[in-house]
There are 2 protein chains.
Amino acid sequence: MSRVYGSLNQASLSSDLAHASTVVAPPSEGEIARLRQQIDASLADYLEAQRAAYLRLPVFATLYVDLADFVRRPGKRLRPLLFLLGHRVFQRGLGERAAVPSEAALAKVAVSLELLHTFILVHDDIIDRSETRRGTPTLHRALEGRFASFTHRHRAGRNLAIVMGDVLFALAQKCLLETVLPEGMGARLGTLLLGCMVETGFGEAADIIHSTRDVSKVELSEIEHMYCLKTTCYTIEGPLAMAAVLAGGGDEMLEAIGRIAKPAGLAFQIQNDLHEFARFEVSDAEVPADILEGKKTLLARLAFERLNEIDRGLLQMCFSAGTPTEGTVSKARELVTKSGAVGELTRKMDKLFAQSYAETRWPGFPASVQEELGALLQLIRGAAARV
Amino acid sequence: MSRVYGSLNQASLSSDLAHASTVVAPPSEGEIARLRQQIDASLADYLEAQRAAYLRLPVFATLYVDLADFVRRPGKRLRPLLFLLGHRVFQRGLGERAAVPSEAALAKVAVSLELLHTFILVHDDIIDRSETRRGTPTLHRALEGRFASFTHRHRAGRNLAIVMGDVLFALAQKCLLETVLPEGMGARLGTLLLGCMVETGFGEAADIIHSTRDVSKVELSEIEHMYCLKTTCYTIEGPLAMAAVLAGGGDEMLEAIGRIAKPAGLAFQIQNDLHEFARFEVSDAEVPADILEGKKTLLARLAFERLNEIDRGLLQMCFSAGTPTEGTVSKARELVTKSGAVGELTRKMDKLFAQSYAETRWPGFPASVQEELGALLQLIRGAAARV
């Protein structure tokens, strides 16, 4: 069996984890790159097989190209990576508890996770009216481009992206169901994943509902809970839980994984918010969708919390101004910077990762699993920083 | 075992089927009503169980009420009915080929079909910008109503409905996966259903793409194919195929079901179009979404086909006028009426139902199955007429 991680590389570990007594290095860059390639190849294969099965009509040819291109855009592939690496960790650590699925089967589960993620991105981008995703147009904008001469092309692009998102959701689950897994595992993984998808949906709903409320009316705890539902469940908990179940892990182990995932997912989302804010400081060319849509991020809420009465009023005005102008956007940025919320959230994020790391020491995990899960957290941390 | 159908009732059969040598009456009104009640009760139970599992936050309370209310609105429940009645037919006809699932399991499969249907309605209504569904506001309009004082309530309602549709899709499949079915059946039914959902998605995509094209550029055959993908697969073929598979039917039987479903589904959709048009003649209060959105229905396309040059030009103008006015709408109606397309489509629909009926005589079906499937077609026909 190949080794999961590269050689020990103490320098790459962040300072707050360096005190850990036994340290396993996170997966090497080379290993990650190799796995990403494998995931991309499986994804391309699956999309190709589906094309033959479904696309008998010329009207769909360009549509399918747009869809497949969108799915295949280079991405972090965080969810499939966490699943594949997590499965190796649990499989080695738990020994012979469960039948080992084939490499091909594991690759298909990974593909289904990435398809699900893409489905979520497609609908999210419609909701947030985002223009770009991974550096190129969002799916609804790309599809809109196909109707250049049609008056209502904007609506046609959005509508097509809604149904293409639905198709991706269906394909993701079909891919999982068709995977040849040991007895009863298909249904268990499917149920786990669908449970996550329901949570994600309610998390997105909370996000939308919060965006209709004044920033002073949304509690920090509500935003944290929303992040947990919207991101943590399907990004971190789901992939690791599926990996553990496949390797024979029981309900107690799933609970331990939940305790690791919760702070890690919140930290991951905070890191994303901070990254978005930093990017936004660099260039004004693109107003972040969060601000455009009045999204209640932890950063915005915390800034509000830390400002004085007058500045609070100004920040509220920026959020409730409807369509943001250059003036309101730059004022909001200035107020957030002034509040010191970035520093506080950075410290909070470090603390959350450390908390997550501590949860990997659950005594029910064999020692190797404890150590290697700790190293996997570095992958999550690195992924958040590298959007 | 209870009898599937009520007593023979020759009068209720339409004339084009009356020549059949052996005639079995369709399920009685009482039987249908009883099954519908059973489906509604299972649906309510499932929604209640999910509420407890997912809704730990007050912010979701009203959202869930809106969602559950929408799902529970009285409807035809055609898909679960076809599945439940179809399963009885196949189970009795095929005898001991497969293990019999429990009543509770069958009810859960039926619930998942209705949840899927509701998910499709929710996204369809957003796409078509429909105001009402089953006599009350569509989900996006109902949700919008919760944000009366919010400036962008229209967008908030639509966005919430997109994610609530996604949640329904996830719940539908979770419901199916959690159902205790004989060995391997869960994955088979799930795969069948997800295949249908992909077809539905591409059918909706075709509908949107056609709506961006001039009526003269969309072939009748393209519209028929779009109807087949969009409606037939998940409405008729899917429920019957799932019923047959559960009762031990093999691939050849599924192909025969496909041959029955194809003309029946097209006829069902034509009947819906005709019904929509008739309703629209009665009252001008509500412009049908199809016309509003430039949808290329068979009725519109056939009318175009049958009109002279001048009238064709007028009809094209009505469709391409952008936001329809009272004038363009009443002109379009006048032209469609004048074309005689309604009569031609009515005859086509009768022919399609007869064709579907003929396919029930596939020799691979036991005689009882042939007869009872023929009777089930009456249910489909009745459902289309009673929207």
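## Exercises on a predicted two-chain model

In this predicted model, 15 of the 17 residues of H3(A) are buried, so this helix is largely enclosed by the rest of the structure. The exercises start from that helix.

### Exercise 1. Check the length of a helix

Task: Find out what span helix H3 of chain A should have at 1.5 Å a residue, and compare it with the model.

Solution.
- Step 1. Locate the helix. H3 of chain A covers residues 78–94, which is 17 residues.
- Step 2. Count the steps. The expected span is 1.5 Å times one less than the number of residues.
- Step 3. Compare. The expected value is 24 Å, and the end C-alpha atoms lie 23 Å apart, which agrees.
- Step 4. Look just past the end. A:Gly95 follows H3(A) and has a positive phi of about 65°.

Now repeat the check on H6(A). With 26 residues, H6(A) reaches 36 Å from its first C-alpha to its last. The expected span is 38 Å, and the two values are close. H6(A) has 22 of its 26 residues buried, so it too is largely enclosed by the rest of the structure.

### Exercise 2. Sort residues by burial

Task: Decide whether A:Arg77, A:Arg129 and A:Gln271 are buried or partly exposed.

Solution.
- Step 1. Fix the cut-off. A residue with 20 or more other C-beta atoms within 10 Å of its own is buried; 12 or fewer makes it exposed, and anything in between is partly exposed.
- Step 2. Take A:Arg77. It has 22 other C-beta atoms within 10 Å, so it is buried. A:Arg77 sits in the loop between helix H2 (61–72) and H3 of chain A.
- Step 3. Take A:Arg129. It has 15 such atoms within 10 Å, so it is partly exposed. Its loop runs between H4 and strand S1 (132–133) of chain A.
- Step 4. Take A:Gln271. With 23 other C-beta atoms within 10 Å, it is buried. A:Gln271 belongs to helix H9 (residues 251–282) of chain A.

Then zoom out to the chain. Chain A has 387 residues, and 51% of them count as buried. Its secondary structure consists of 15 helices and 2 strands.

### Exercise 3. Spot unusual backbone angles

Task: What is notable about the phi angles of A:Arg77 and A:Arg129?

Solution.
- Step 1. Recall the rule. Most residues other than glycine have a negative phi.
- Step 2. Read the angles. Phi is near 55° for A:Arg77 and near 50° for A:Arg129.
- Step 3. Conclude. A:Arg77 has a positive phi without being glycine. A:Arg129 also has a positive phi without being glycine.

### Exercise 4. Compare sequence and space

Task: How far apart in space are the C-alpha atoms of B:Leu240 and B:Leu373, and those of A:Gln271 and A:Ile126?

Solution.
- Step 1. Begin with the leucines. B:Leu240 and B:Leu373 are 133 residues apart along the chain, yet their C-alpha atoms are separated by 9.6 Å.
- Step 2. Turn to the other pair. A:Gln271 and A:Ile126 are 145 residues apart in sequence and 23 Å apart in space.
- Step 3. Inspect B:Leu240. It lies in helix H8 (residues 220–246) of chain B. It is buried, with 30 other C-beta atoms within 10 Å. Leaving out residues up to four places away in sequence, B:Leu240 touches B:Leu82, B:Gly86, B:Ile257 and B:Ala261.
- Step 4. Widen the view. Of the contacts in chain A with a separation of 6 or more, 76% join residues 24 or more positions apart.

### Exercise 5. Relate the two chains

Task: Which relation links chain A to chain B, and which helices of chain A help to form the side that touches chain B?

Solution.
- Step 1. Superpose. A turn of 180° and a shift of 0.0 Å along the axis lay chain A on chain B with an RMSD of 0.0 Å. That is the relation of a two-fold axis.
- Step 2. Count the contact residues. 45 residues of chain A are in contact with 45 residues of chain B.
- Step 3. Name the helices. H4 (103–128), H6 (153–178), H7 (185–211) and H8 (220–246) of chain A each supply at least two residues.
- Step 4. Sort by class. The side of chain A that touches chain B has 28 nonpolar, 12 polar and 5 charged residues.
- Step 5. Compare the sides. 100% of the interface residues of chain A are also interface residues in chain B, so the copies meet through the same surface.

### Exercise 6. Judge the confidence

Task: Where in chain A is the pLDDT below 50?

Solution.
- Step 1. Start with the average. The mean pLDDT of chain A is 86, and 87% of its residues reach 70 or more.
- Step 2. Find the stretch. The pLDDT is below 50 over residues 1–22 of chain A.
- Step 3. Apply the rule. Where pLDDT is low, the predicted coordinates should not be read in detail.
- Step 4. Add the model scores: ipTM 0.90 and pTM 0.90.

Notes. Residues are numbered from 1 along each chain as its sequence is written. Chains are lettered from A and ligands numbered from 1 in the order in which they are written. This is a predicted model: local features need pLDDT of at least 70, side-chain atom pairs count only at pLDDT 80 or more; totals for chains, interfaces and linings use all residues. Copies are superposed by least squares on the C-alpha atoms of residues with pLDDT of at least 70 in both. Two residues are in contact if their C-beta atoms, placed from the backbone, lie within 7 Å. Helices (H or I, at least four residues) and strands (E, at least two) are DSSP runs, numbered from the N terminus. Ala, Val, Leu, Ile, Met, Phe, Trp, Tyr, Cys and Pro count as nonpolar, Asp, Glu, Lys and Arg as charged, and the others, Gly among them, as polar. pLDDT is the predictor's confidence in each residue, from 0 to 100.
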